[in-house]
Amino acid sequence: MDEDRGSLIGHPRKRGQGELESQVLEVLRSAPGPVTASWVQQRLSGELAYTTVMTILSRLLVKQAVSRSRSGRVYLWLAASDAAGFTAIRMRKLLDTEADRGAALASFVSALLPEDEQLLRALLDGAADGRER
Amino acid sequence: MGVFVFLPLILPLTALPIARLAEHHLHPRNAVRLLTWISVIMAVCSTLCLGLLFVVGTAQIPGNPLPDNWSDPEVRAAVPFHEEVGTAAVIVLVTVLTTCSTTLRRHLRIRVRAQHALEFVPRDTDLAVLPDENPYAYAVPGTPGRIVVSTGMIDSLAADERRALIAHERSHLANHHHRYLMATRLASCVNPFLRPLQQAVAYSTERWADEEAAHVVGDRRVTARAVARAALVSRHLPAPGFAAFAAPGPVPRRVAALLNPEVLPETWPPAHSPAGLAAMVAAAGTAASALSALNAAVALLLVLKAATPL
C-alpha cells in the first residue's frame, strides 16, 4: 500500500508487510487485554505512523488474526488467539455473579434432584441399548 | 361493578390445571403460544383491576392529585370494602410495578453483559466455543443472537450429540423463546397465581427446541442422549439467566418425551380429550377474566364520569 511505503521511506532497513504484521501481532499478544491502536503504536520499535498501524491491524482483521470491538470513538483490538480465552473469562464472571442474585434467576432453573440423576442414567442406558440393536 | 372487580385477580387460579394439561397433551409449540397468550391477557386484566382499585384507594389519601369528586361516596360505594381494599390495592400495585421493573432490568442487564462479554467473537459465526472446563451451553438473544458453548460441554458430548445441542440452541434463538419467557415471567410478577403458566412455558420452550433439534439431527435418541448427558455433566452449575440447554429438574421428562414417538402438532385438540378440556377451561377462564375486567373498568369509568362535573 502506498501510505505504508511512504512512512517507511528513510528507514535503514525496509521491512516487509509480513514482518510488520507479525510485529503488531506480537505486541497485541503481549497486551494485558483489549488495547487501542495507539497503544500498539507506542510499543512498536521503530516509528510507524498511526495510519500504518491501523492499516496493518485492518489487514490482520481480514485474515481473522485479530478481532476488534468499538469502545466509544475508538476501536479496541485483541489478538484472535487470546479472544476466546478472554471471552471465556468474561462469561465465567457473568455466570458466577448473576447466578447468586435473586429469586428470578433461581426460579428459572431448578436443581437436578438425586432421583433425577438415577432416572437419567437409566434413560441413557435405555437409549444406548436401543441404538445398538 | 361490585365483586366482579376481584374476579380477574382470582381467575388466574385456573392457570394451574391449564398449565399441567397443556404441557402434557399439546405440541410444545402450541402449548408455549397458548399459555403465553393466556398469561399475558390474565396479567393485563389483573393489573387493570388493581389500577381501578388503586384509584378508589388513593381517593382516601388527603392531598392526592386526583379530582376531588373521585372520592365521592358513590365512587366508594362501587367497590365493596373500599377502605381496606383500596389501601391494599395501593400497596400491591406499587409492589407489582417495582417487581416488574426489577425483573426487566435484571434481564436486560444480563443480556447486555453477555453481549459485551462476546464482543471479540467474530461476527460471521453465531457459535462461540469458549475454553472453559465447566460445562455450559447458552443461547444469548440479541442481534445477532449467539450460542455459547464451553469446551467442557463440547468434550463431554459425541459429535452427533453436539449437533443436537447446537440445533437446540439455534431453535431458541430462531423462535425468540426469550420473549415468551420474559412475557410469562412478568405476568407471574403481576399475579403470582400465574406462576404455573410461567413454569409450563419454560418447560415447553425447552421441549420445542428439543423437537426441532431432533428434526435437524434426524434422530430422537441422539437428541435425548445429548440432553441427558449435558444435564449429568452440568448438574452442579449455578442457575443461568438464559434458556439453558440442560435446565435440570424437568430434564428426565424431556428425555423421556424424546424417547417416545413424536407428538404431531394438531391445530386444535378434540373437545372430548383432556387437552381439549384444558383448552376450553383456559378459554373460559381467560374470557371471564377479560369480561369482568372490562365490566369493572366501564362501571368505574361511568361512576367517575357521573361524579366529575364537566
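The questions and answers below concern a predicted model, its sheet, its core and one of its chains.

Residues are numbered from 1 along each chain as its sequence is written, while chains are lettered from A in the order in which they are written. In this predicted model local features need pLDDT of at least 70 and side-chain atom pairs count only at pLDDT 80 or more, whereas totals for chains, interfaces and linings use all residues.

Reader: In which order do the three strands of the open sheet in chain B stand?
Author: Strands here are DSSP runs (E, at least two residues) numbered from the N terminus, and two of them pair if DSSP finds at least two bridges between them. Strand 1 (127–130) and strand 2 (137–140) of chain B are the edge strands, each pairing on one side only. Four bridges join strand 1 of chain B to strand 3 (residues 146–150) of chain B in parallel, and the pairing of the sheet as a whole is mixed. The order is 1-3-2.

Reader: Which residue of strand 3 of chain B stands opposite Leu130(B)?
Author: Strand 3 of chain B comprises residues 146–150 and runs parallel to strand 1 of chain B. Opposite Leu130(B) stands Ser150(B).

Reader: Which helix gives the largest share of the largest nonpolar core?
Author: A nonpolar core is a set of buried Ala, Val, Leu, Ile, Met, Phe, Trp, Tyr and Cys residues joined through C-beta atoms within 7 Å, buried meaning that 20 or more other C-beta atoms, placed from the backbone, lie within 10 Å of a residue's own. The largest has 105 residues, and those with the most contacts inside it include Val24(A), Leu35(B) and Val148(B). The largest share, 14 residues, comes from helix 3 (residues 28–58) of chain B.

Reader: What percentage of chain A is buried?
Author: Chain A has seven helices (H or I runs of at least four residues) and two strands. Of its 133 residues, the buried ones make up 26%.

Terms used
Buried ≥ 20, exposed ≤ 12 C-beta atoms within 10 Å, placed from the backbone.
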